[in-house]
There are 2 protein chains.
Amino acid sequence: MIDRDGLDGLSMRRLAADLGVRAASLYGYLATKDELLTDLADDVLAGVDTSGFDAGWRTGLTVWARSYREALAAHPNLVPFLAHSPGRRPQALMHADAVHGGLTRAGWPPRYATMIGASTKYLVVGAAMTSFSGGFADDVEVYVGRYPNLSQAHLLAGHEEIDRDSFELALTAFLDGLSRLHAQVVRSASDQTGKGSS
Amino acid sequence: MIDRDGLDGLSMRRLAADLGVRAASLYGYLATKDELLTDLADDVLAGVDTSGFDAGWRTGLTVWARSYREALAAHPNLVPFLAHSPGRRPQALMHADAVHGGLTRAGWPPRYATMIGASTKYLVVGAAMTSFSGGFADDVEVYVGRYPNLSQAHLLAGHEEIDRDSFELALTAFLDGLSRLHAQVVRSASDQTGKGSS
DNA sequence: GCGTTCTCCTAACAGTGTTAGTTAGCCGCT
DNA sequence: AGCGGCTAACTAACACTGTTAGGAGAACGC
């Protein structure tokens with residue numbers, strides 16, 4: 001229903017009507033509309049895959065980020081709600097826990113693990129919000145001339161392909177940067193403890 | 001007013017009352033509430049700085065991303081609205097144009113420029129949404145034991161410091177990755193045109 | 001003085017999430 | 001069989017929301 005009519009298209013009365021019931025009856029099962037959305041959000045996140053860390057932290061992050069993004073892309077209208085309260089939901093916490101574990105096992109110090117988990121989420125949520133969630137401009141001719149550098153670029157934007165490509169570019173660039181950092185961090189950590197093992 | 005009471009705390013009647021007027025009078029100046037928010041959003045984005053590209057694409061992106069994030073952090077409650085319609089607002093388009101120009105001048109092909117601009121926005125918007133916009137959990141003891149890897153990490157989350165550090169980590173890792181890519185892209189481009197200059 | 005214009009007003013519409021209080025039916029127990 | 005209690009649905013209402021239609025009063029130029 002949200003997928004069809006948008007987040008505002010779902011009202012308690014409409015949902016109740018869809019179920020052949022009046023609005024007040026829903027409150028026997030749900031305390032509040034927010035709880036309903038939270039439950040929906042948790043369902044959406046159930047498909048996210050954090051199992052990739054067995055094959056190393058990099059593939060772990062990659063698999064997580066991609067499946068996370070896909071889960072959001074499957075229900076674009078729910079993204080604004082999903083994005084604004086990341087903690088608190090059990091599924092989200094399970095994933096955060098798994099990611100944190102996978103990263104520390106790979107040698108990342110806990111603080112880095114926290115930051116990397118957050119950073120990756122930034123990328124996914126940002127991509128979800130600004131791509132398929134919000135619509136891009138439809139009246140194209142307006143900009144031509146006014147924004148010289150955009151005159152062709154914006155034509156591409158908003159299309160599924162460049163959205164995904166942008167996300168993939170961001171992800172690999174980010175992971176490339178992390179790989180360099182990982183070498184440094186692991187080296188300096190072993191310097192401190194083992195005075196130069198390998 | 002939004003900063004104080006949240007996005008839902010602003011209603012036309014309340015705003016009017018604050019101005020010593022009744023709600024209907026506002027519609028002599030504004031067509032709709034959405035227009036009001038759009039104007040506010042544009043004001044917030046006015047402080048974003050895209051002038052750094054004179055010192056190279058990397059500093060350009062850095063300055064842009066940081067000032068962008070700070071502009072959003074200054075009005076956290078407006079972020080959900082700001083995030084869900086990135087195109088269409090004049091300020092946002094001006095910035096996109098400046099960024100695109102700065103990147104192409106630095107040798108990035110137009111398609112890459114578009115993707116990099118989008119990617120950076122992902123990072124900023126994602127950081128804004130999941131950090132200061134949404135609140136983290138407050139009842140901490142609940143998780144301890146249930147999510148073994150998080151038991152200490154989550155204590156840090158939601159605090160300003162780690163939010164900014166995570167963002168900075170993401171940004172530098174992303175830019176490091178881009179630097180490598182830039183070398184590749186520029187080389188392969190000159191291979192094609194000049195058969196090996198520089 | 002008159003007409004125009006501008007600003008604000010009241011009243012209302014259609015909709016929202018949510019709560020109180022009530023009724024109908026079913027289940028198990030005596 | 002009849003009664004108590006539970007469940008799930010109901011109606012009605014409250015306090016809101018964004019928004020529009022139509023009217024009242026003041027200020028302006030002619």
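This is a short selection tour of a predicted model, moving from chain A to the two DNA strands and then to one glycine.

Residues are numbered from 1 along each chain as its sequence is written, and chains are lettered from A and ligands numbered from 1 in the order in which they are written. Because the model is predicted, local features need pLDDT of at least 70 and side-chain atom pairs count only at pLDDT 80 or more, whereas totals for chains, interfaces and linings use all residues.

**Stop 1: chain A**

Select chain A and colour it by secondary structure. Nine helices and zero strands appear, in the order α-α-α-α-α-α-α-α-α along the sequence. Helices (H or I, at least four residues) and strands (E, at least two) are DSSP runs, numbered from the N terminus. Chain A has 198 residues, of which 36% count as buried. A buried residue has 20 or more other C-beta atoms within 10 Å of its own, an exposed one 12 or fewer, and a partly exposed one a count in between, with C-beta atoms placed from the backbone. Of the contacts in chain A between residues at least 6 apart in sequence, 60% link residues at least 24 apart; a contact requires C-beta atoms, placed from the backbone, within 7 Å.

**Stop 2: DNA strand C**

Select strand C next, with the 15 residues that surround it. A residue is near a strand if its C-beta atom, placed from the backbone, lies within 6 Å of it. The closest are Ser11(A), Ala24(A), Lys33(A), Arg22(B) and Ala24(B). Helix H2 (12-18) and helix H3 (33-44) of chain A each give two or more residues to this surface, and H2(A) gives the most, with three. By type, the surface near strand C holds six nonpolar, four polar and five charged residues. Here Ala, Val, Leu, Ile, Met, Phe, Trp, Tyr, Cys and Pro count as nonpolar, Asp, Glu, Lys and Arg as charged, and the others, Gly among them, as polar.

**Stop 3: DNA strand D**

Now select strand D. Among its 15 surrounding residues, Arg22(A), Ala24(A), Ser11(B), Ala24(B) and Lys33(B) come nearest. Two or more residues each come from helix H2 (12-18) and helix H3 (33-45) of chain B; H2(B) supplies the largest share, three residues. The residues near strand D comprise six nonpolar, four polar and five charged.

**Stop 4: Gly47(B)**

Finally, select Gly47(B), in the loop between H3 and helix H4 (57-74) of chain B. Gly47(B) counts as exposed because it has 12 C-beta neighbours inside 10 Å. Leaving aside residues up to four places away in sequence, Gly47(B) touches Ser67(B) and Ala71(B). Display Tyr68(B) as well: Gly47(B) and Tyr68(B) are 21 residues apart in sequence and 7.9 Å apart in space, C-alpha to C-alpha.

Key:
Contact = placed C-beta atoms within 7 Å.
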